[in-house]
Amino acid sequence: MRLRRRTEISVQTHEVLVMRKPGREALAWCAGCGEQTRMLTLDKAMALTAASSREIHRRLEAGEVHFTETTDGFVLMCMNSLLKSN
């Protein structure tokens with residue numbers, strides 16, 4: 001009887017997202033978290049979570065993600081609550 005040898009390979013990966021251009025993101029007070037946090041634009045939030053704009057808007061409307069609106073009409077989302085809702 002011939003013995004068979006089995007080799008098992010495990011691969012572990014890590015992903016790092018580097019956001020170089022500050023654009024409209026900023027450190028600001030989040031009333032929902034009660035602390036200062038990074039606030040992100042929709043584009044940055046989509047890149048960070050790999051979620052569609054529709055999914056992020058659904059989370060905003062459901063109250064899962066904290067946000068604020070600037071005087072210019074831009075919506076800035078709390079990065080902490082965005083990552084927790086993921």
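The exercises below work through the sheet, the helices and the core of a predicted model.

Residues are numbered from 1 along each chain as its sequence is written. In this predicted model local features need pLDDT of at least 70, side-chain atom pairs count only at pLDDT 80 or more, totals for chains, interfaces and linings use all residues, and side-chain values use heavy atoms, with hydrogens and water left out.

**Exercise 1. The sheet**

Task: Determine the order of the strands in the open sheet and which strands stand at the edges.

Solution:
- Helices (H or I, at least four residues) and strands (E, at least two) are DSSP runs numbered from the N terminus, and two strands pair if DSSP finds at least two bridges between them.
- Begin with strand 1 (residues 26-30) and strand 2 (residues 35-40), which run antiparallel and are joined by five bridges. C30 stands opposite E35 in strand 2.
- These two strands form a hairpin with four residues between them, and G34 in the turn has a positive phi of about 75°.
- Next, two bridges join strand 2 to strand 4 (residues 75-78), again antiparallel. Here L40 has M77 as its bridge partner.
- Strand 4 also pairs with strand 3 in the antiparallel sense, over three bridges; F67 stands opposite M77 in strand 4.
- The result is an open sheet of four strands in the order 1-2-4-3. Strand 1 and strand 3 stand at the edges, each with a single partner strand, so one side of each has no neighbour in the sheet.
- On average, neighbouring strands of this sheet are turned by 40° against each other, direction ignored (axes are lines fitted to C-alpha atoms, for helices over the stretch in contact, and angles run from 0 to 180 degrees between N-to-C directions).

**Exercise 2. Helix 2 and its surroundings**

Task: Find which residues of helix 2 are buried and what they pack against.

Solution:
- Buried means under 20% relative accessible area, exposed over 50%, and partly exposed in between, with a 1.4 Å probe and protein chains only.
- In helix 2 (residues 53-61), I56, R59 and L60 are buried. They lie on the same side of helix 2 because they cover an arc of only 105° around the axis (the arc of the directions from the helix axis to the C-beta atoms).
- The face turned away from that buried side carries the exposed residues R54 and E61.
- The buried residues pack against helix 1 (42-49), strand 3 (67-69), strand 4 and helix 3 (79-84), where contact means heavy atoms within 4.5 Å.
- For helix 1, L42, A45, M46 and T49 meet S53, I56, H57 and R59 in helix 2.
- The axes of helix 1 and helix 2 come within 10 Å and cross at roughly 105°. The two helices are therefore roughly perpendicular (65 to 115 degrees; under 35 is roughly parallel, over 145 roughly antiparallel, the rest oblique).
- Helix 1 also lies across strand 2 and strand 4, at about 95° to strand 2.

**Exercise 3. The core**

Task: List the residues of the largest nonpolar core and place L82.

Solution:
- A nonpolar core is a set of buried Ala, Val, Leu, Ile, Met, Phe, Trp, Tyr and Cys residues joined through side-chain atoms within 4.5 Å.
- The largest has eight residues: L40, A45, A51, I56, L60, V65, M77 and L82.
- L82 is found in helix 3 and counts as buried because its relative accessibility is 0%.
- Not counting residues up to four places away in sequence, L82 touches L40, A45, L48, T49, R59 and V65.
- L82 and L40 are 42 residues apart along the chain, and their C-alpha atoms are separated by 9.3 Å.
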